[in-house]
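Student: Could we go through this structure together, one element at a time?

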Amino acid sequence: MSGRPLAGQRVIVSAGPTFEDIDPVRFIGNRSSGKMGFAVAAAAVELGAQVVLVAGPVSLPTPAGVQRIDVRSAAQMHAAVFAALPADVYIGAAAVADFTPRAVAGSKIKKRPGDDGLVLDLVRTRDILAELAADARRPALVVGFAAETDDVARYARGKLAAKRLDLIAANRVGVAGSGFESDDNALTVFDRDGGEHALGPAPKAQLAHELLELIARRPRAA
Ligand code: CTP
């Protein structure tokens, strides 16, 4: 394969967590450093792609050659991803919040004497990945991530089918040397044809490169 198999292709990557505000000082968020998604964006540039990186709140430098759009909430990430279309490839590496407060309190929620709990009213966020895969402007390749603590293959394959993805990269979280803040990771990539590809364990930069090589080799629908 040539060194730049993604030359001329436009790739959108989402990365990091989203923060869903409860009030001006509190939020609900996912554990995600953004490292894997940023490594994926950098690897896509190395393979020749034009890359838009939609980043949730993370403290990471922008990879060279990447157009970065910073967002905070799932709703903002949804809007930024769709505004970045058209694209040839979408890689959803972000840990998007599944629920968000129905309303954001305008001022700080205070404890009152006697309060022994707080009930939050949450609503589902829109599924960026699934909506993109079902959209008329669907990128030729839609790639998801799945962080699972157990039954990795079954859950990952379930998401691949339910969200109509081309590929899903699954990693087991909650074990040493994998996932979250770790610099190393291991992925199992499942494809819609029933194939399975084990990548790593390796530093996230190398793993991202291997994932992008796999993406570049995937046949595209015309
Ligand atoms: N995703 C998304 N929009 C959401 C939620 C998730 O685009 N609102 C994407 C993520 O970027 C990731 C994949 O969907 O690529 C993760 O799938 P999901 O089913 O949301 O995983 P979990 O949140 O782990 O689901 P569950 O809690 O059912 O395991």
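Student: Against which elements do the buried residues of H2 pack?
Tutor: Residues are numbered from 1 along each chain as its sequence is written, and this is a predicted model, where local features need pLDDT of at least 70, side-chain atom pairs count only at pLDDT 80 or more, and totals for chains, interfaces and linings use all residues. Side-chain values use heavy atoms, leaving out hydrogens and water. In H2, the buried residues (under 20% relative accessible area, 1.4 Å probe, protein chains only) are Ala74, Met77, His78, Ala80, Val81 and Phe82. With contact meaning heavy atoms within 4.5 Å, they pack against S1, strand S2 (19–23), S4, S5, S6 and H3.

Student: In what order do the 8 strands of the open sheet stand?
Tutor: Helices (H or I, at least four residues) and strands (E, at least two) are DSSP runs numbered from the N terminus, and two strands pair if DSSP finds at least two bridges between them. The sheet is open and its pairing is mixed. Its order is S5-S4-S1-S6-S9-S10-S11-S12.

Student: Why is one side of S5 and of S12 left without a neighbour in the sheet?
Tutor: Both S5 (66–70) and S12 (196–203) stand at the edges of the sheet. One side of each lacks a neighbour there because each has a single partner strand.

Student: By how many degrees are neighbouring strands of this sheet turned against each other on average?
Tutor: Axes here are lines fitted to C-alpha atoms, for helices over the stretch in contact, and angles run from 0 to 180 degrees between N-to-C directions. For this average, though, direction is ignored. The value is 20°.

Student: Which residue of S9 is the bridge partner of Ile91?
Tutor: S6 (residues 89–92) pairs with S9 (residues 141–148) in the parallel sense, over 4 bridges. Within S6, Val89 and Ile91 lie on one side and Tyr90 and Gly92 on the other, all buried. Gly92 stands opposite Gly144 in S9, and the partner of Ile91 is Val143.

Student: Which residue of S6 does Ile12 stand opposite?
Tutor: Here we look at S1 and S6, a parallel pair joined by 4 bridges. Opposite Ile12 stands Tyr90.

Student: At about what angle to S4 does H1 run?
Tutor: H1 (residues 35–46) lies across S1 (10–15), S4 (50–55), S5, S6, S9 and S11 (184–191). H2 (residues 74–83) also packs on the sheet, and its direction makes about 165° with that of S4. For H1, the angle to S4 is about 170°.

Student: Which residue in the hairpin of S11 and S12 takes a positive phi?
Tutor: S11 and S12 pair in the antiparallel sense over 6 bridges, with Phe190 opposite Glu196. Between the two strands the hairpin has 4 residues. The one with a positive phi, near 95°, is Gly194.

Student: Which element gives the most residues to the lining of the largest pocket?
Tutor: A pocket is an open set of points on a 1 Å grid over the protein atoms alone where a 1.4 Å probe fits, with protein on both sides within 12 Å along at least five of seven lines; lining residues have an atom within 4 Å of a point. Of the 39 lining residues, Ala94, Ala95, Val96, Phe145 and Ala147 lie nearest the centre of the largest pocket. Elements giving two or more include H1, H3 (128–133) and S10 (167–172). With 4 residues, the element that gives the most is S9.

Technical notes. Buried means under 20% relative accessible area, exposed over 50%, partly exposed in between (1.4 Å probe, protein chains only).
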